[in-house]
Amino acid sequence: MEVVIVQNAAAGGELIADSIAGLLRRKPDALLGVATGSTPLPIYQALTAKVRSGEVDASRARIAQLDEYVGLPAGHPESYRSVVLREVVEPLGLSESSFIGPDGAAEDVQAACEAYDRALAEAGGVDLQLLGIGTDGHIGFNEPCSSLASRTRIKTLTRQTREDNARFFDSPEEVPHHVITQGIGTILEARHLVLLATGEGKAEAIAQAVEGPVAALVPASALQLHPHATVVVDEAAASRLKLADYFRATFASKPDWQGI
Ligand SMILES: N[C@@H]1[C@@H](O)[C@H](O)[C@@H](COP(=O)(O)O)O[C@@H]1O
């Protein structure tokens, strides 16, 4: 696992957007797995700026959703489909056909979960999966004690996650209790995992994920099992890392062209 400590969220967004741009230059139709929440927004803003300036051509990029609420009416502004369309697909000038995601409104949710795992495999797998991290160490909506081998499936949100996400809804009661999420086993099949975390509120989760044991109690610790996982953190989110100086020295010693 590579850990990169950056000055702030904007620097993290720029670094990761550079990596995505490099991927798209190598593989124009790369399948980019996108995360929701507030943390990844600087990534999408930096990538959009690169596309609009002509620095990179994303016209053939494909987008895959990480997770989705269950039971929100189709088109609800806070469904993750709506969020990804608003924050990623439309700013990059892509069409809805470039975008795959689980069907949170399906009658048969289990079938929708299995169908999504198949869709990801049939698309050739995710080339680069962006991740945030919950304050409890979750990735996607894989809550603590999720199997590290899990597949896309329905999950029940913890009270903490519902509270953390209530800010996006008109009232806390509106936050769904159930979600569909790529499983941790599904996430680990991506060729490159890039997790961004910023702010003091994520410091404990990052310390446990990066320097703690691999444990289902800390779903993000599964990144320790992946052959190409990158964790990008600002100084606040890095504040509880014991090996911070080592991570800084390691990244500083990399040739610029290597990126993450
Ligand atoms: N399903 C999402 C996760 O993918 C995201 O990482 C997390 C943290 O969101 P934020 O980045 O806003 O703290 O929120 C939700 O749980």
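Start by selecting tyrosine 69 in this predicted model and look across to β8, where the bridge partner of tyrosine 69 is valine 179. Keep both strands on screen: β4 and β8 pair in the antiparallel sense, with three bridges between them.

Now widen the selection to the whole sheet. Three strands make up an open sheet, in the order β4-β8-β7, and the pairing is antiparallel. Which strands stand at the edges? They are β4 and β7; each has a single partner strand, so one side of each is left without a neighbour in the sheet. Turn the view a little and you can follow the twist: on average, neighbouring strands of this sheet are turned by 30° against each other, direction ignored.

**The rings around tyrosine 69**

Next, show the aromatic side chains. A search of the whole structure finds five aromatic pairs. One of them joins tyrosine 69 and phenylalanine 141: their centres are 5.5 Å apart, with 50° between the planes, and the pair is tilted. This pair links distant parts of the chain, since tyrosine 69 sits in strand β4 (residues 67-69) and phenylalanine 141 in the loop between β6 (128-131) and β7 (153-156), 72 residues apart.

Add phenylalanine 169 to the selection. Its ring centre and that of tyrosine 69 are 5.5 Å apart and the planes stand at 80°; a pair counts as edge-to-face when that angle is over 60 degrees, so this one is edge-to-face. Here too the pair links distant parts of the chain: phenylalanine 169 lies in the loop between α5 (159-165) and β8 (178-181), 100 residues from tyrosine 69.

Are these rings buried or exposed? Tyrosine 69 and phenylalanine 141 are both buried. For tyrosine 69 the relative accessibility is 1%, and phenylalanine 169 is buried as well, with a relative accessible area of 8%. Select Tyr80 too, and you have one aromatic cluster made of Tyr69, Tyr80, Phe141 and Phe169.

**The annotated positions**

Stay with β4 and pick aspartate 67, which is found in that strand. According to the UniProt annotation "active site", from an unreviewed entry, the positions covered are Asp67, Asp136, His138 and Glu143. From this set, the lining of the largest pocket takes in Asp67 and His138.

Aspartate 67 has 3% relative accessibility and so counts as buried. Show what surrounds this residue: beyond residues up to four places away in sequence, aspartate 67 touches Thr36, Tyr80, Pro102, Gly140, Phe141, Ile180 and Thr181. Tyr80 and Phe141 in that list are also members of the aromatic cluster.

Then move to glutamate 143, placed in the loop between β6 and β7. At 2% relative accessibility, glutamate 143 also counts as buried. Its contacts, leaving aside neighbours within four places in sequence, include two other annotated positions, Asp136 and His138. The rest of the contact list is Lys155, Thr156, Leu157, Thr158, Thr161 and Pro219.

**Last stop: β10**

Finally, select strand β10 (residues 229-234), where six of six residues are buried. Colour the two faces separately: Ala229, Val231 and Val233 are on one side, Thr230, Val232 and Asp234 on the other, and all are buried.

Which residues stand opposite valine 231? Valine 3 does, and so does leucine 195. Strand β1 (residues 2-6) pairs with β10 in the parallel sense over five bridges, and strand β9 (residues 193-197) pairs with β10 in the parallel sense, also over five bridges.

Notes:
Residues numbered from 1 in each chain as written. Predicted model: local features only at pLDDT ≥ 70, side-chain atom pairs only at ≥ 80, totals over all residues. Heavy atoms only, no water. Phe/Tyr/Trp six-rings, centres within 6.5 Å; stacked < 30°, edge-to-face > 60°. Helix = DSSP H or I, 4+ residues; strand = E, 2+ residues; numbered from the N terminus. Buried < 20%, exposed > 50% of the residue type's maximum accessible area, 1.4 Å probe, protein only. Pairing = 2+ DSSP bridges. Axes fitted to C-alpha atoms, helices over the stretch in contact; angles between N-to-C directions. UniProt positions renumbered as here; feature names shortened; annotations may be inferred. 1 Å grid on protein atoms, 1.4 Å probe; cavity = no way out; pocket = protein on both sides within 12 Å on 5 of 7 lines; lining within 4 Å. Contact = heavy atoms within 4.5 Å.
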